[in-house]
Amino acid sequence: MTLRTRFTESLKEAMRAKDMRAVSTIRMIMAGLKDRDIAARSRGVTDGIDEAEILSMMQGLIKQRNESATMYDQGGRPELAQQEREEIGVIERFLPKQMSEEEAAAAIDSIVAELEASSIKDMGRVMAELKARHAGQMDFAKAGGLVKARLSGK
């Protein structure tokens, strides 16, 4: 089942269950997806963005919500921070299992070896391959730091 189908089915289920947090979060995901699909048309993509781009978009949504929750906590608004964390929970239902730090390091080592990356100049190629193979499974901000450390350590 594609992610798009899962969004639609989950929206229906959430509406039946009257889970308004899930309903609003899934609608927000679908609206973001529609915006990305429309933007992709200028690149000649008529079927909508692919699963990897959807997963990347969802990682971005989680990052935004984490930042907002932190800001709300610092601002003394725990109820809004809790709302953001609940939205993260809904978004995470659609993501594949996240890699542990050890698994991410192993994936990075594997790709570095495969691409014969030897310097920081190769970081772009390594990151592109990581995103292609492990979209939605790792935090690419953290992965970027690991790749940089790995390539500059040689």
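1. Contact here means heavy atoms within 4.5 Å, and in this predicted model that test, leaving aside neighbours within four places in sequence, puts Thr25 in contact with Glu87, Val90 and Ile91. Thr25 is found in helix α2, and because its relative accessibility is 1%, Thr25 counts as buried.

2. The helix that holds Thr25 can be checked for its length, since at 1.5 Å a residue the 22 residues of α2 should span 32 Å, and the C-alpha atoms at its ends are indeed 32 Å apart, which agrees. Besides Thr25, the buried residues of α2 include Ala22, Val23, Ile26, Ile29 and Leu33, and Asp37 and Ala40 also belong to the list. As a group, the buried residues of α2 pack against α1, α3 and α4.

3. The same check may be made on helix α3 (residues 51-74), whose 24 residues should span 34 Å at 1.5 Å a residue; the end C-alpha atoms of α3 are 35 Å apart, which agrees. Buried residues of α3 include Ile54, Leu55, Met57 and Met58, and among them are also Gln59, Leu61, Ile62, Arg65 and Ala69. What covers these buried residues includes α1, α2 (20-41) and α4. After α3 comes Gly76, whose phi is positive, near 75 degrees.

4. Which residues does Ile88 touch, if those up to four places away in sequence are not counted? They are Ile62, Arg65 and Asn66, and of these Ile62 and Arg65 appear among the buried residues of α3. Ile88 itself has its place in helix α4 and counts as buried because its relative accessibility is 7%. As for the separation of Ile88 from Ala149, the two are 61 residues apart in sequence, and their C-alpha atoms are 29 Å apart in space.

5. A search of the whole structure finds one aromatic pair, and it is formed by Phe7 and Phe94, which meet edge-to-face with 4.9 Å centre to centre and 70 degrees between the planes. The pair links distant parts of the chain, given that Phe7 lies in helix α1 (residues 3-16) while Phe94 lies in the loop between α4 (78-92) and α5 (101-115), 87 residues apart. Are the two partners buried or exposed? Phe7 is buried, and Phe94 is buried as well.

6. The largest pocket has a volume of about 640 Å³, and of the 27 residues that line it, the closest to its centre are Gln59, Met138, Asp139, Phe140 and Ala141. Helices α3, α5 and α7 (140-152) each supply at least two residues of this lining, with the largest share, eight residues, coming from α3.

7. Two of the residues closest to the centre of the largest pocket, Gln59 and Phe140, deserve a further word. Gln59 lies in helix α3 and is classed as buried because its relative accessible area is 17%, where the limit for that class is under 20%. Not counting residues up to four places away in sequence, Gln59 touches Leu95, Gln98, Gly136, Gln137 and Met138; Met138 is also named among the residues closest to the centre of the largest pocket. As for Phe140, Lys131 lies over the face of its ring, at 5.8 Å from the ring centre.

Notes. Residues are numbered from 1 along each chain as its sequence is written. This is a predicted model: local features need pLDDT of at least 70, side-chain atom pairs count only at pLDDT 80 or more; totals for chains, interfaces and linings use all residues. Side-chain values use heavy atoms; hydrogens and water are left out. Rings of Phe, Tyr and Trp (its six-membered ring) pair if their centres lie within 6.5 Å; planes under 30 degrees apart count as stacked, over 60 as edge-to-face and the rest as tilted. Helices (H or I, at least four residues) and strands (E, at least two) are DSSP runs, numbered from the N terminus. Buried means under 20% relative accessible area, exposed over 50%, partly exposed in between (1.4 Å probe, protein chains only). A charge sits over a ring if NZ of Lys or CZ of Arg is within 6 Å of the ring centre and within 35 degrees of the ring normal. The expected span of a helix is 1.5 Å times one less than its number of residues. On a 1 Å grid over the protein atoms alone, a cavity is a set of points where a 1.4 Å probe fits but cannot get out, and a pocket is an open set with protein on both sides within 12 Å along at least five of seven lines; lining residues have an atom within 4 Å of a point. Grid points are joined across faces, edges and corners, and a volume is the space filled by probe spheres set on the points.
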